[in-house]
Amino acid sequence: GFVGGTTLTEGPGGFPAGEIATLELDNAATSQLSADGSWYKFIPAQSGHHTISVRAADESLDTVAHLLPVLPDGATPAVGTDVTAMSAAFTSDDDDGFNPRFERYLQKGAAYYLFVRGFDETAEGSFAVTASFLGEDASEAPQSALEVEEHIEETHEEPVPDVAPTTPRSGNNQGKN
């Protein structure tokens, strides 16, 4: 699967030629980060909202992750395709401290390729990756910004003024009928 305009690389971010570690639901996979980054594959057993999160063992380790979806009938990228330059890949940086975190609807049977690297290409350290299922129903997903705004408006109370309001004086109406 080579697509015209695809960036190829032999460095970090290039789709690997060999086996890719498979993530299992709710079973953290640990790895040692190197300059080449680390690759994982996750295939959901059911469609629905999932979280894929990266947690560095040392809070000073700043990681970045790229998540590439490949639908069941789709072809995996050619070896060397730079996932960091692909428009189809989602990128997460500091969504949870210095840690990447994806919360997305994932399709059953699709393959999701996760590439984890250091924000600084020379960063090294250990980290864990976890995939979790949140639920099938879209109503279980986080509220939209509009729903949050409507809730705030419904629960917002007007402040009570510190000083009692004064009534305007009526003009002198003496002698007028």
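The following exercises, each with a worked solution, concern a predicted model of a protein.

**Exercise 1. The overall pattern**

State how many helices and strands the protein has, and give their order along the sequence.

*Solution.* Step 1: The secondary structure comprises one helix and nine strands. Step 2: Read along the sequence, the pattern is β-β-β-β-β-β-β-β-β-α. Step 3: To extend the picture to contacts, consider pairs of residues at least 6 apart in sequence; of these contacts, 81% join residues at least 24 apart. Step 4: The protein has 177 residues, and buried residues make up 32% of them. Step 5: The protein exposes about 11,500 Å², of which carbon and sulfur atoms supply 48%.

**Exercise 2. An open sheet**

Determine the strand order of the open sheet of five strands, and explain why one side of β1 and of β6 is left without a neighbour in the sheet.

*Solution.* Step 1: Strands of a sheet pair through backbone hydrogen bonds, either parallel or antiparallel. Step 2: The order in this sheet is β1-β3-β8-β5-β6, and the pairing is mixed. Step 3: Strands β1 (21-22) and β6 (90-92) stand at the edges with a single partner strand each, so one side of each has no neighbour in the sheet. Step 4: Within the sheet order, β3 is followed by β8; strand β8 covers residues 111-118, and five bridges join β3 to β8 in an antiparallel arrangement. Step 5: One bridge can be located by residue, since the partner of F42 in β8 is Y112.

**Exercise 3. The two faces of strand β2**

Decide which residues of strand β2 (residues 29-33) lie on the covered face and which on the uncovered one, and identify what stands opposite Q32 in β9.

*Solution.* Step 1: The covered face of β2 consists of A29, S31 and L33. Step 2: The uncovered face consists of T30 and Q32. Step 3: Strand β2 is joined by five bridges to strand β9 (residues 125-135), and the two run antiparallel. Step 4: In β9, the residue opposite Q32 is S126.

**Exercise 4. Three buried residues**

Establish where W39, T63 and A56 lie in the secondary structure, and which residues each one contacts beyond its neighbours within four places in sequence.

*Solution.* Step 1: W39 belongs to strand β3 (residues 38-42). W39 counts as buried because its relative accessible area, 13%, is under 20%. The contacts of W39 include G13, F15, P16, V83 and F115. The C-alpha atoms of W39 and L67 are 9.9 Å apart, although these residues are 28 residues apart in sequence.

Step 2: T63 is in strand β5 (residues 63-70), and its relative accessibility of 0% makes it buried. Among the residues that T63 touches are L33, V54, D93, F98 and V116.

Step 3: A56 is in strand β4 (residues 48-56) and is buried, with a relative accessible area of 9%. A56 contacts L61, N99, S126 and F127. Between A56 and T30, 26 residues apart along the chain, the C-alpha separation is 9.5 Å.

**Exercise 5. The nonpolar cores**

Identify which residues of the largest nonpolar core touch the most other members, and which strands each supply at least two residues of this core.

*Solution.* Step 1: In soluble globular proteins, nonpolar side chains tend to be buried together. Step 2: The largest nonpolar core has 21 residues, and those touching the most other members are L23, Y40, I52, L114, V116, F127 and V129. Step 3: Strands β2, β3, β4, β5, β7 (101-106), β8 and β9 each contribute at least two residues to this core. Step 4: Take Y40 as an example; leaving aside neighbours within four places in sequence, its contacts include I20, L23, A29, L114, F127 and V129. Step 5: There is also a second, separate core of 10 residues, including F15, V70, V83 and A111.

**Exercise 6. A salt bridge and an exposed loop residue**

Find which residue forms a salt bridge with E103, and decide whether D26 is buried or exposed.

*Solution.* Step 1: Side chains of opposite charge can pair when their charged atoms come close. Step 2: The count of salt bridges is one. E103 forms this bridge with R101, and the closest N and O atoms are 3.3 Å apart. Step 3: E103 is partly exposed at a relative accessible area of 31%, and R101 is partly exposed at 35%. Step 4: D26 lies in the loop between β1 and β2. At 54% relative accessibility, D26 is exposed, because this value is over 50%. Step 5: D26 has a positive phi of about 60 degrees, although D26 is not a glycine.

Key: Residues are numbered from 1 along each chain as its sequence is written. This is a predicted model: local features need pLDDT of at least 70, side-chain atom pairs count only at pLDDT 80 or more; totals for chains, interfaces and linings use all residues. Side-chain values use heavy atoms; hydrogens and water are left out. Helices (H or I, at least four residues) and strands (E, at least two) are DSSP runs, numbered from the N terminus. Buried means under 20% relative accessible area, exposed over 50%, partly exposed in between (1.4 Å probe, protein chains only). Contact means heavy atoms within 4.5 Å. Two strands pair if DSSP finds at least two bridges between them. A salt bridge is a side-chain nitrogen of Lys or Arg within 4 Å of a carboxyl oxygen of Asp or Glu. Accessible areas come from the Shrake-Rupley method with a 1.4 Å probe; for residues, only the protein chains shown count as cover. A nonpolar core is a set of buried Ala, Val, Leu, Ile, Met, Phe, Trp, Tyr and Cys residues joined through side-chain atoms within 4.5 Å.
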